[in-house]
Amino acid sequence: MIDARLQRSAVGLVAFAAVAAVAMAQDPIPDEIGQQAPQLLDLIKQGSMHTIERDEYYEVHLYGGFKLELASMQIEIRGSNALLLLDLDAWRAATNGKQGSGLPRRGLQDPDPRRRLSNEQIRARLEGTLRSLGRSEGLQDSPVADKALDLLRYIYCEGDVIVVREGIEVVRCERMWISPIDDRVVIENAEVRYITGTGLKSQVTVVRAPRLTKQGRRWTGRDLTLTNCTAADPHSGLVIDDAEIIEHENEFEIVSRGATLQIGGTTLLPLPNTSVFSGSQSEFPLKRARIGYSNRLGMQAGVGFGQNWNKTGGALHEWLTGRPANEFRGDWELGVNWIEKRGVPVDGVLNYEAKDLYRGSTEAFFLDDHGVNIREIVRDRGGSVIDTENRGLIRTQNRVLFGEKTTLDLVAYQMTDPSVWSEFYGGSFRTEEVPETSTYLHHANGNRLFTLGTRFNLNDFSYRDDRALADKFIEEEPVATYQWLAQPIGETPWRTPIVVDIETNAGQRRSNYDDLTPGGRVSDRTLRIDQLAELSAPVNI
């Protein structure tokens, strides 16, 4: 049965091939390699073994339950039956012909192989598959590894096959085939756990499929279930008609077509075709869901959906910058909430990023409010109760990078009334900086920093540092600052450095008064130049 299946498909899991290849070469090769050839199969810890020479291969049959273990890589493979095919000529050369001489050749030479890959090419393919199972370390470059790679050709396993890495089950399937020289993998009735990151930052993506095929760095499959829930019956997940999983450096790109969202086994809604990067984005459109009750607000419920917009954003990025579209990363999120005594708030967030070029986020909030304010700010500076009808907020924060030393920061903040911030963004209200609109250009070189920027207010109200309403906002139009920080200029008698901090500040400022500020207003536009110098030296006490 094993031979018949092998003839139908000589493909399989390259990760298993990597384990076999390295484990068959645990001991260094002396000048007489034939003395070490029997140790090439030391990875077999359990199971009955039968070997035979047939056609062009030296066959190793494992049956009755087997266990393969490579302690140095903390990898273990278990299953019912397995078949390893080794190159017959390489095996005979490794054993100095002691395993059987075969039929007489009468001086005829074997024809050259139709396909031949170098050890470096095969090792690179094996390392790629190790990364696909969350392991970034490569195989060691040694003559032993070279010889093992010369021997291995195909591997087939069947019967509840399990691959365990560092105590975590990463692959479970019914059958798997390996062809390292073809760089091809096929697993059937499979459950694969893709692991990225380490420790608290690790992420697990579970893929279940009747059949998965890996060619190079690309996995493909149909009728998949994709989830980040590790339960046997996932609480939520995506059912995908057709999917690709593409291996990148330290993350995976998951391309889905014909996906639907399922929660508790119930199909909720169809989803658009997407492309998600596992290291920086979530593949699930349901971002949050909540329900609660408050004495002052009544019943509350909310749900948030989101996905990436890599394809559209990438095309726009390429058109604007001329750089490759695949370096763009972006995602959006839309939240719809219900508050019994307030209304139906709607909020959204749009994130975008291109490596070493720019990154930013824009968020918005809207509510047709029919309640009353209950947080810190309920009245304006004139003492009137703040209108609670059409309310909204827009904030955008962006950074553009011009190399490693120069950046441009752009922030804009606009609200319909002063209590939106405290009512619906309580965390930001209490912990973040007072909202303002600003543009700052920074250039740093060593311990020297030059900043040119302007700050102003898009609202007709402003806040003090203690979050109370202020009567005016101090605008900068613009201001330049040069700082020379912790510059050593000498040494004390007790051999500690003497350092100087210098700051030069020059620019124009003015007061932008609140419309409700009482009394007369005087124009105070001022050109101001400040010079600060501070001399210090540490002292041992």
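**Close-up views of a predicted model**

**Figure 1. The nonpolar cores.** The largest nonpolar core of this predicted model has 43 residues, and Ile77, Ile187 and Leu212 are those with the most contacts inside it. Strand β7, residues 184–196, supplies the largest share of this core, 6 residues. Another core, of 15 residues, lies apart from it. Among the residues of this other core are Phe365, Ile377, Leu393 and Tyr413. In soluble globular proteins, nonpolar side chains tend to be buried together.

**Figure 2. A tilted aromatic pair, Tyr156 and Trp177.** The whole structure contains 9 aromatic pairs. In one of them, Tyr156 and Trp177 are tilted, with ring centres 5.4 Å apart and an angle of 45° between the planes. Tyr156 belongs to strand β5 (residues 152–165) and Trp177 to strand β6 (residues 168–179), so the pair ties together parts that are 21 residues apart in sequence. Tyr156 is buried because its relative accessible area is 0%, under the 20% limit. Trp177 is also buried, with a relative accessible area of 5%.

**Figure 3. An edge-to-face pair and an aromatic cluster.** Trp421 and Phe429 form an edge-to-face aromatic pair, 5.1 Å centre to centre with 80° between the planes. Both Trp421 and Phe429 are buried. These two residues are part of one aromatic cluster that also holds Tyr413, Phe461 and Tyr463. Tyr413 is also among the residues of the core of 15 residues.

**Figure 4. A nonpolar patch on the surface.** The patch is formed by Ile291, Tyr293, Met299, Phe305, Trp332, Leu334, Val336, Trp338, Val344, Val346 and Leu350, which together have about 1000 Å² of accessible area. Elements β14 (286–294), β15 (298–308), β16 (328–339) and β17 (346–354) each give two or more residues to the patch. The most come from β16, with 4 residues. Ile291 lies in strand β14. Its relative accessible area is 69%, over the 50% limit, so Ile291 counts as exposed.

**Figure 5. The surroundings of Asp409.** Asp409 is in strand β20, residues 406–415. This residue counts as buried, at 15% relative accessibility. Leaving out residues up to four places away in sequence, Asp409 touches Asn398, Arg399, Ser438, Thr439, Tyr440 and His442. Between Asp409 and Arg359 there are 10.0 Å in space, C-alpha to C-alpha, and the two are 50 residues apart in sequence.

**Figure 6. Salt bridges around Glu477.** The structure holds 27 salt bridges. Side chains of opposite charge can pair when their charged atoms come close. Glu477 meets Arg510 in a salt bridge of 3.4 Å, N to O. This pair links distant parts of the chain, with Arg510 in strand β26 (residues 497–513) and Glu477 in strand β25 (residues 472–491), 33 residues apart. Arg510 is partly exposed at 25% relative accessibility, and Glu477 is partly exposed with a relative accessible area of 26%. Glu477 also meets Arg525 in a salt bridge of 2.3 Å, N to O. Arg525 lies in the loop between β26 and β27 (526–536), 48 residues from Glu477 in sequence. At 47% relative accessibility, Arg525 counts as partly exposed.

**Figure 7. A salt-bridge network and a separate view of Asp466.** Arg342, Asp369, Arg391, Asp417 and Glu423 are joined into one network by salt bridges that share partners. Asp466 forms a salt bridge with Arg464, and the closest N and O atoms are 2.8 Å apart. Arg464 is partly exposed, with a relative accessible area of 42%.

Methods: Residues numbered from 1 in each chain as written. Predicted model: local features only at pLDDT ≥ 70, side-chain atom pairs only at ≥ 80, totals over all residues. Heavy atoms only, no water. Phe/Tyr/Trp six-rings, centres within 6.5 Å; stacked < 30°, edge-to-face > 60°. Buried < 20%, exposed > 50% of the residue type's maximum accessible area, 1.4 Å probe, protein only. Core = buried A, V, L, I, M, F, W, Y, C linked by side-chain atoms within 4.5 Å. Patch = residues over 30% accessible without salt bridge, like charges linked within 9 Å, V, L, I, M, F, W, Y side chains within 5 Å. Areas by Shrake-Rupley, 256 points an atom, 1.4 Å probe, with all protein chains shown as cover. Salt bridge = Lys/Arg side-chain N within 4 Å of Asp/Glu carboxyl O. Contact = heavy atoms within 4.5 Å.
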